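Okay, thanks for coming, everyone. Let me put the structure up on the screen and then talk you through a couple of spots in it.

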Amino acid sequence: MSSRDYLTRLAGLAAGTRFDRLSAATVAAARAVTLDTLGAILAGSRLTENARLADLAADRSGSRAATLVGHGRKAEPMLAALANGTAGVSLEMDEGNRWGGGHPAIHVLPATLAIAEELGVDGRRFIEALVAGYEVTSRLGGASQVRPNVHSHGTWGTAGAAVAVASLRGHDAAAIHTVINLATSMSPANSWQPCFEGATIRNLYPGRSNLQGILATHVLACGYTAVHDAPSDLYGTILGDRFDSDAVVDGVTAEDRVALYRIERNYFKFHACCLYNHPVLDAMHSLVHGQDFSAHDVQRIRVTSLPFVTRMADPSPGNMLAAKFSVPYAVAVAVVKGTTDISAFKDAVREDSRVRQLAARVEVSGDDTMSLRGGHDRPTARVSVELRDGRVLTREATIVRGDSANPRPHHELEAKFRALASDALDAARVNAVVEMVARLEHLADIRDLTALLTAAP
């Protein structure tokens, strides 16, 4: 199959994503992803640097048509999408997809929300655009074998954001085909190093994807031309070692339809840190809450998980972001504090001597047979706690809790949103957002939702 064929089919799938073709399960998934992502943005909006970025976006804007989530101001849509996308990744609570695309929603939803608000579209069109952009992000990501030090944030999401915006603007499949190529050529290239060092410039990566996704549709309107196959060019030769164009359209029918959209196969985070920590923490929490021991009782903790965790073995992270990419720290704080929510990674906890001392006793190793794409029959992590009294407590984890194949009940997802949103919105607004997202497809104007996402005066 030629590269043109796969892009034509992918564009056809995106253009054909219409509400009346979506199943009830797809619509429910879009609602859940919307609520979860808004919660992540609201919580991240409280960080000082993100508040300053929102102010910069507003101050530098002429037309202020899009809400700066968690703030009392608006900005030009591209700048609002930049600020909101940056805020939403800052606390590592945004959802993701183990089948490809990294974290599609935070790369797609801020741009979708900004343009939907600018255009005043209804809830159904918002859902269509979100599902289409998410699908493209995940499919391009799943087809890419990235180089070892390439961090996925900001890569495939640029094309996904552009597709969502093109959908909102009513572009046909031919235009979407072109905008995928334009946006892909604008994708940022990023490494993992900022994560390990805790350099918060890393949080700008999804924000930039959202901004550039919107910009790609403007570039299209200006008449700029694109290469014929940007994904194969960029992901197969620069950011990746291989790009499988056939995999992009795996499961897409001759009519450019799919039986199951990728947004239905996502995972939601219930640990406030990098996904590669999650299998380990699922096993660790099972021990912490099922056995009677304290940090003082622990002689050593041995962790075996995905090969990548060996790059996350620093027991003394220097700041909050770096702590979210440290397996020893996450394991230690789970034992000492009994939680791995956003509070567990704040500086006061990170500086707790009990956490630091226990983190130094955590040993991390990788296992080439472990993969996030396995099933319930394949472990993704093994944790052994060696106690001073000679006992050894061991647990394994498979599919992470919160994944579509190992889901948490909806009330827990709603509780997560309430916890994340509570510092930015008052209780009445939090309740109103929950209720409005629950009937998202019935909204006559998405502005009814965005009006609730600003801090109460």
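I'll start with a sheet and the helix beside it, and then move over to one asparagine. Keep in mind that this is a predicted model.

So, the sheet. It's an open one with 4 strands, and if you walk across it the order is β6-β5-β7-β8, with mixed pairing. On the edges you've got β6, residues 362-366, and β8, residues 392-397, and each of those pairs on one side only. On average, neighbouring strands here are turned by 15° against each other, if you ignore direction.

Let's look at one pair of strands. β5, which is residues 298-305, runs parallel to β6, and the two pair over 5 bridges. If you want a landmark there, find R302: the residue opposite, in β6, is E363. Now bring in helix α13, residues 278-288, which packs on this sheet. That helix touches β5, β7 (that's 381-387) and β8, and its direction makes about 135° with that of β8.

Okay, on to the asparagine, N181. You'll find N181 in helix α8, residues 173-184. Is N181 buried or exposed? It counts as buried, because its relative accessibility is 2%, and the cut-off for buried is under 20%.

What does N181 touch, once you leave out residues up to four places away in sequence? There's L7, and then a run of A226, V227, H228, D229, A230 and P231. Of those, look at H228: its backbone oxygen lies 3.2 Å from a polar atom of the N181 side chain.

Note on methods. Residues are numbered from 1 along each chain as its sequence is written. This is a predicted model: local features need pLDDT of at least 70, side-chain atom pairs count only at pLDDT 80 or more; totals for chains, interfaces and linings use all residues. Side-chain values use heavy atoms; hydrogens and water are left out. Buried means under 20% relative accessible area, exposed over 50%, partly exposed in between (1.4 Å probe, protein chains only). A polar contact is a pair of N or O atoms within 3.5 Å; within protein, one must be able to donate a hydrogen and the other to accept it, and residues adjacent in sequence count only if both atoms are side-chain atoms. Contact means heavy atoms within 4.5 Å. Two strands pair if DSSP finds at least two bridges between them. Axes are lines fitted to C-alpha atoms, for helices over the stretch in contact, and angles run from 0 to 180 degrees between N-to-C directions.
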